[in-house]
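Let's take a walk through this structure together, one region at a time. Keep the 3D view open beside the text and turn it as you read.

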Amino acid sequence: MTPVPPATVAPTRSFARAYDDIRRGVAQRELWAHLGWQDIKQRYRRSVLGPLWITISMGVTAIGLGILYAVLFKHPLPVFLPYVTTGFIVWNFINGCLTEGMSTFITNEGLIKHLPAPLTVYALRTVWRQTLMFAHNLVVYVIMVAIYFGAIDHRYQMEIPNGQIHPGLGLWSLTAIPAFAVLALNGVWLTLLIGIISTRYRDIPQVINSVIQLAFYLTPIVWSPDDLFGSGGANRIWAKVLFQFNPLYHFVQVLRAPLIGQHVDWWSWATVGGITVLGWALALLAMRNYRARVSYWV
Amino acid sequence: MVSIDVWNASVDFPIFDAKTRSLKKAVLGKVGGKIGTDQKAPIIEALHDITLSLREGDRIGLVGHNGAGKSTLLRMLAGIYEPTRGAAHIHGKVAPVFDRGVGMDPEISGRENIIIRGLFLGMTRKQMEKRIDEITEFTELGDYIQMPLRTYSTGMRVRLALGVVTSIDPEILLLDEGIGAVDAAFLDKARNRLVDLVKRSGLLVFASHSDEFLIELCDTAIWMDEGHVKQRGGLREVLTSYKGRDPYENMSTETLARLGLDPVLPDVPARA
């Protein structure tokens, strides 16, 4: 006689098991928070300034790039420097979730093979690490805004004759908080989904690495949309297309805009919301089908 | 109720070489018709058609040659490998000690590793911090507890891993043969603590090549061979057929008395 498992045992490939993994993973908050913080401390162990280096290197890059591109595109420094700094900080978070998210399971191979734990723990470890880096970088943002507060606390333009009119900092800037929460939520599905794919197909990390640098330049971070639309460029259809179909722009914009008092399209929020739902659906599907395979593949 | 149930479970490992693990083959392979080769990665059947039912109070020894599937079975029982065919259901808090404490971070201190391992086993940070002194004392690591783990010897790592699991009252304890890496003096000490722990904890599965250790900790045994369960029954009976001789034969009467055993082989009915 062949023994049959009782109906109460959910099969390996089921949404019930995928949900269960995520639920238990989130519940082990202390574990992933500790691991994420440990990663940061580990990276800067034996250096005198420690994690302060995150802040310093961000400050140096942002100021350098900000001044360079302000001169190149002839933008006023007091509005352009906070723009580049904030954009760069937000980009760093997204970039971190993507590039470290894809290797999440590969780098945690030892733990995955030796200790039973929900996969979600490792995804949250990665996203939490990026969140901590973001928090360190936020110091640069605060300093920058403190210096140039006078330039962005009222309605302003990046480019004087035809530029988009921005509302300036205000109470509405608090939408940055839900915006960051949404970005982090996206970081988790992204890590789960491409983490699983990259574990199976080791070419994917290489593909992403080769595209990510290009994506940085295609997304308005060191340049502003006004450079395309302003000063006689209003009828550049291709430029509009570039924005509508670049999801990275919308992700950067929903968080960057409130932080420096810039105009944000409802369309950006709609795109981000849509991608969040779609991404989670895909991640759940991947978790349902391949969650149990990851320990075989690493 | 602590239990592990396994129904007709198999564990197959796909072996991806550099070529099959890339997208190139998966994508290009579909275009232009089939090339004579098999598209799928070769598979190693590590476990084949295992059916087990482990209940609270079971203390099971795993014996078998190298590569017989002992470690894979332990990992399946821990829930790390979910069976590719069949099903496994684990009910209870699992604490594994595999492969000489690999799975610890070599760059961070023993202390930090204790906390992280504890967190993995479902403890809170506070609970682990309370236990650190006790674990340090038990493992005799002293000031080494503050040193990065890469400075530890293999035996010291096993001590640390054993120190953690024996301090947290797990419900299901899974031990791999790696724990043999510690020295005799510590083994004695660990044995007492393990025996004690096994009495308290629900379930033990222990893979080992050491008869003495098996006899001390286990009462039943599973003989694994080529991924199958070759025999399951009383420890003495399984060891006798696995080794081809009665392991109790050469034991001194004192040892036997300590273990509370008869000098002659009792007629133990085989358990399914």
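Where is B:D169 found? B:D169 sits in the loop between α5 (154-167) and β6 of chain B. Please bear in mind that this is a predicted model, and what follows describes that model. The backbone at B:D169 has a phi near 50°, a positive value in a residue other than glycine. With 15 C-beta neighbours inside 10 Å, B:D169 counts as partly exposed.

Chain B has another residue of this kind. B:D49 also shows a phi near 50°, positive although the residue is not glycine. B:D49 belongs to strand β2 (residues 43-55) of chain B. Its surroundings hold 16 other C-beta atoms within 10 Å, so B:D49 is partly exposed, given that a residue needs 20 or more such neighbours to be called buried.

Now follow the chain from the loop that holds B:D169 into β6, and a sheet comes into view. This open sheet of chain B has 6 strands in the order β5-β6-β7-β3-β8-β9, and its pairing is mixed. From one strand to the next, the twist averages 15°. Which strands stand at the edges? They are β5 (94-97) and β9 (228-234) of chain B. Each has a single partner strand, so one side of each is left without a neighbour in the sheet. As a reminder, strands of a sheet pair through backbone hydrogen bonds, either parallel or antiparallel.

Strand β7 of chain B is a good place to stop and look around. On one side, β6 (residues 172-175) of chain B runs parallel to β7 (residues 203-207) of chain B, and 4 bridges join the two. Within this pairing, B:I172 has B:L203 as its bridge partner, while B:L174 is matched with B:V205. Strand β7(B) also pairs with β3 (residues 59-63) of chain B, again in the parallel sense and over 4 bridges. Here B:L62 stands opposite B:A207.

How many residues of β7(B) are buried? The count is 5 of the 5, so the strand is largely enclosed by the rest of the structure. Both faces are covered: B:L203, B:V205 and B:A207 are buried on one side, and B:L204 and B:F206 on the other.

Several of these names return when we turn to the nonpolar core. In soluble globular proteins, nonpolar side chains tend to be buried together. The largest nonpolar core in this model has 146 residues. Those with the most contacts inside this core include B:L62, B:L174, B:L204 and B:F206. The largest share of the core comes from helix α7 (residues 119-152) of chain A, which gives 15 residues.

Before leaving chain B, look at helix α8 (residues 235-243), where B:L235, B:R236, B:E237, B:V238 and B:L239 are buried. The elements that cover the buried residues of α8(B) include β3, α7 (211-217), β8 (220-225) and β9 of chain B. After the helix comes B:G244, whose phi is positive, near 80°.

Over in chain A, there are 14 helices and 2 strands. The radius of gyration of chain A is 21 Å, close to the 19 Å that the globule rule gives for 298 residues, so chain A is as compact as a globular protein of that length. Its C-alpha atoms fill a box of roughly 85 × 50 × 35 Å along the principal axes. Buried residues make up 38% of chain A. Of the contacts in chain A between residues at least 6 apart in sequence, 79% join residues at least 24 apart.

For a closer view of chain A, pick out A:L259 in helix α12 (residues 247-259). A:L259 is buried, because 24 other C-beta atoms lie within 10 Å. Leaving aside residues up to four places away in sequence, A:L259 touches A:T86, A:Y141, A:S173 and A:A176.

Finally, how do the two chains meet? In this model, 27 residues of chain A are in contact with 30 residues of chain B. On the chain A side, the elements that give two or more residues are α2 (29-43), α6 (109-114) and α14 (294-297). Helix α2(A) gives the most, with 6 residues. The chain A side divides into 15 nonpolar, 8 polar and 4 charged residues.

Technical notes: Residues are numbered from 1 along each chain as its sequence is written. Chains are lettered from A and ligands numbered from 1 in the order in which they are written. This is a predicted model: local features need pLDDT of at least 70, side-chain atom pairs count only at pLDDT 80 or more; totals for chains, interfaces and linings use all residues. Two residues are in contact if their C-beta atoms, placed from the backbone, lie within 7 Å. Ala, Val, Leu, Ile, Met, Phe, Trp, Tyr, Cys and Pro count as nonpolar, Asp, Glu, Lys and Arg as charged, and the others, Gly among them, as polar. Two strands pair if DSSP finds at least two bridges between them. Axes are lines fitted to C-alpha atoms, for helices over the stretch in contact, and angles run from 0 to 180 degrees between N-to-C directions. The radius of gyration is taken over C-alpha atoms; the globule rule is 2.2 Å times the number of residues to the power 0.38. A residue is buried if 20 or more other C-beta atoms lie within 10 Å of its own, exposed if 12 or fewer, and partly exposed in between; C-beta atoms are placed from the backbone. A nonpolar core is a set of buried Ala, Val, Leu, Ile, Met, Phe, Trp, Tyr and Cys residues joined through C-beta atoms within 7 Å.
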